[in-house]
Amino acid sequence: MDVVVQPAVSVVLDRLTQLIIQETDQLSRVRVELRGIEEEIEFMASLLERSEALQIHDNVMVKDKMKSFIMEAETLIEDYATIASQRSVVGSIKMIIYERKHEKRLNNFIVKLREYKPNLTEYDLLLRGVHLPEGGGPHDQSDEVPRYLRRFIYYFLLFPANFEIPARRLIVLWVAENLIRPSITNVNESVEDIAERDLNALINLGVVRATKRKLNGKTQACSLEVGNQERDKWLKEAKEANFFQNRTKKVCRLVDQTMGTRARGDADADSSFVRIHGNPGISNSVPGYGDVISFLSLNTQEGSKPGEDIGNFLHECIVAERFLWLRVMDLEKVFRPMLPETLGKLTRLKYLGLRWTYLQHLPDFVNKLLQLQVLDVKHTCITLLPRSIWKMKDLRHLYLSEAYRTRFPDRPSGVLSLNELQTLWGAFIDEDTHVEGGLDTLEGIQKLGLSCRPRSSSGDSDNMLKQLVAVDKWITELDRLRSLRLKSRDMEGEAADLHLTTLEKNTNLSTVYLLGKLNPHVVEKFPQSLTDITLSGSELNEDPMGFLGRLPNLQILRLLAKSVLHPKLHCSAGGFPRLKVVHIWCLENLEEWQVEEGSLLSLEELGIRSCQNLVKLPDQLQRVKKLQKFWLQSMPNKFMNETEITQPQLWDKIKQTREAEQ
């Protein structure tokens, strides 16, 4: 790249990163514009780099225009950085005038970038059609990774080599740190969706490997797929980009992990362990942690000491006025960390991850963390949230502990609803839960998981019925709902009536898991948008396959215990055009399953478990060419023997599946 332009690119991107991450609260109005400029500058820089590597000497006008844009961006960003730094000394009205004037300059610049984008796209296609010249330099995996994706690879380096990271954990961390660019062209696309798309891009490039996938094919867990030499190269690049430490060499991302794991390949990990967990003869003073924006603990040692050490370390840092810029605190799988009261001073915290910590209660200081976007207390022993949760106006995702029946508190009078909340998962509903005027004011929910159950057998059954009716009404009005898990049990834990009337109006619903007795009319009018259906304890007396088979987008169907009481399932010709996965478990009354020719043509996986009265498998399944994975569990010996003898093609699929899983 041009010797003049290259430093300008570095300055622009470095300044943009600082502004976007460290001053997000003040720059919320122009965040999208800054992200847009950052994206376009990175794209231009990559084009110039590839042009030089390919030794392309024509299209001089395009390259000169890109250099001009980069230099103009440098001036604009430096001017805005100056304005931002003077907020505390310039009068508020004068400051607003300055900022509005500069916002207009930023907007005009974005317009020019967009108008010129077709020329850049055409140049990009030209470069893609040219091969590297002989002697053009070595090519490796990192050359294929666009600039805007590289920061996510740096994030993987915070974890030990080959560490399996849940995709949902990565996504919320990236979003909390403002590493995700909001979409300029599609304002309805959430930053979480964009983060998932970016993760998939890394997987498609072969840099990240999906170690686990969900039934719908989405990534459940992943790890960085690079060798030691390539990892060292990425580590060097991340350090040069000031990802672990800022430009003044102060730590900005701190990781606590077991002694000796060394995620970053240097002494930083061990030194952090010493400072947090102590070592005789070594000073435990808190060094320059004033600029830390992210603290992750990967320390999963047993016993109470690690949790106590982390609590003491956090208290020591905060009292010394460190960690005050902290946006992310992820203590997942740390056993019962001792959260100090001083944690309430971390008012910029966006993500508090306490999953799998088995924490017994959430301290009162949480009422001061009013900028939280994600609170994750799944797999903890917390039974009640503080009422101050209603004051967290920026809260987007709330994960609760269903096993310990975490209750959502009543809404205080005069407090507005949580308008930004998109995920409420694992909430417990009983006779006393404030559904009407409380939970039903959460109108923006996209992912909802509720477990309904009376607390005592002596409770008023009419009150529980009113709660279920209120839940049904609330769900009907959630027009943005995409995923629903609804369970209804009695005191003995058996499936109870869901009192669900319809999901027909939930036209954005794609995934539904229903545990409880279900009116067959609900199934008959399932929305056409559904891709994933799980039914359990539904006690449907009629065969539902006729209605389900007409759902054009259905890809996954799980019929679990007592979901269907009818002795026969019938799949008509042309039914289930896109269905890929079928699980049929514990249908005690099922005797016959018929599949007509032309049905289930897209089926790839079939699993049948504990259907003791099923006589035989449909012969038509032998002609489903896409069927690759087929397993039977806890089926009668007679059924297994007859399948092996009379349906050899299906039996071969079963053997192949067993061998693949060994």
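**Exercise 1. An enclosed helix**

Work out why helix α6 (residues 167-176) counts as largely enclosed by the rest of the structure.

*Solution.* Bear in mind that this is a predicted model. Start with the cut-off: a residue is buried when its relative accessible area is under 20%. Next, go through the helix with that limit: Ala167, Arg169, Leu170, Ile171, Val172, Leu173, Trp174, Val175 and Ala176 of α6 are buried. That is nine of the ten residues, so α6 is largely enclosed by the rest of the structure. Finally, look just past the helix: α6 is followed by Asn178, which has a positive phi, near 60°.

**Exercise 2. Two helices in contact**

Find how helix α5 (residues 147-156) and helix α7 (residues 191-204) pack, and which residues make the contact.

*Solution.* Begin with the geometry: the axes of α5 and α7 are 10 Å apart and meet at an angle of about 85°. Angles of 65 to 115 degrees count as roughly perpendicular, so α5 is roughly perpendicular to α7. Now collect the residues: α5 brings Tyr148, Leu149, Phe152, Ile153 and Phe156, while α7 brings Asp198, Leu199, Ala201 and Leu202. Last, sort them by character: the contact of α5 with α7 has eight nonpolar residues, no polar ones and one charged.

**Exercise 3. A pair of rings**

Decide whether the rings of Phe295 and Phe313 are stacked, tilted or edge-to-face, then place both residues in the structure.

*Solution.* First take the distance: the ring centres of Phe295 and Phe313 are 6.1 Å apart, and the limit for a pair is 6.5 Å. Then take the planes: they stand at 40°, so the pair is tilted. As for location, Phe295 belongs to strand β5 (residues 294-297) and Phe313 to helix α10 (residues 305-319). The two are 18 residues apart, and the pair links distant parts of the chain. Both ends are hidden: Phe295 is buried at a relative accessible area of 0%, and Phe313 is buried at 2%. For context, the structure holds 15 aromatic pairs.

**Exercise 4. Arginines and rings**

Identify which ring lies under Arg253 and which under Arg348, then describe the surroundings of Arg485.

*Solution.* Take Arg253 to begin with: it lies over the face of Phe243, at 3.8 Å from the ring centre. Phe243 itself forms one aromatic cluster with Tyr154, Tyr155, Trp234 and Phe244. For Arg348, the charged end sits over the ring of Trp325, 4.1 Å from its centre. Turning to Arg485, find it in strand β12 (residues 483-488). Arg485 counts as buried, at 18% relative accessibility. Leaving aside residues up to four places away in sequence, Arg485 touches Glu402, Trp425, Leu448, Gly449, Leu450 and Tyr513.

**Exercise 5. Positive phi in loops**

Locate Glu539 and Lys562, and state the phi and the exposure of each.

*Solution.* Glu539 sits in the loop between β14 (532-536) and α13. Its phi is positive, about 55°, although Glu539 is not a glycine. With a relative accessible area of 31%, Glu539 is partly exposed. Lys562 sits in the loop between β15 (556-559) and β16 (568-571). Phi of Lys562 is near 60°, again positive in a residue other than glycine. At 42% relative accessibility, Lys562 counts as partly exposed.

**Exercise 6. A link across the sequence**

Find how far apart the C-alpha atoms of Gly546 and His570 are.

*Solution.* Start from Gly546, in helix α13 (residues 545-548). Gly546 is partly exposed, with a relative accessible area of 33%. Then step 24 residues along the chain to His570: the C-alpha atoms of Gly546 and His570 are separated by 7.2 Å.

How values were computed
Residues are numbered from 1 along each chain as its sequence is written. This is a predicted model: local features need pLDDT of at least 70, side-chain atom pairs count only at pLDDT 80 or more; totals for chains, interfaces and linings use all residues. Side-chain values use heavy atoms; hydrogens and water are left out. Axes are lines fitted to C-alpha atoms, for helices over the stretch in contact, and angles run from 0 to 180 degrees between N-to-C directions. Helices (H or I, at least four residues) and strands (E, at least two) are DSSP runs, numbered from the N terminus. Angles under 35 degrees count as roughly parallel, over 145 as roughly antiparallel, 65 to 115 as roughly perpendicular and the rest as oblique. Contact means heavy atoms within 4.5 Å. Ala, Val, Leu, Ile, Met, Phe, Trp, Tyr, Cys and Pro count as nonpolar, Asp, Glu, Lys and Arg as charged, and the others, Gly among them, as polar. Rings of Phe, Tyr and Trp (its six-membered ring) pair if their centres lie within 6.5 Å; planes under 30 degrees apart count as stacked, over 60 as edge-to-face and the rest as tilted. Buried means under 20% relative accessible area, exposed over 50%, partly exposed in between (1.4 Å probe, protein chains only). A charge sits over a ring if NZ of Lys or CZ of Arg is within 6 Å of the ring centre and within 35 degrees of the ring normal.
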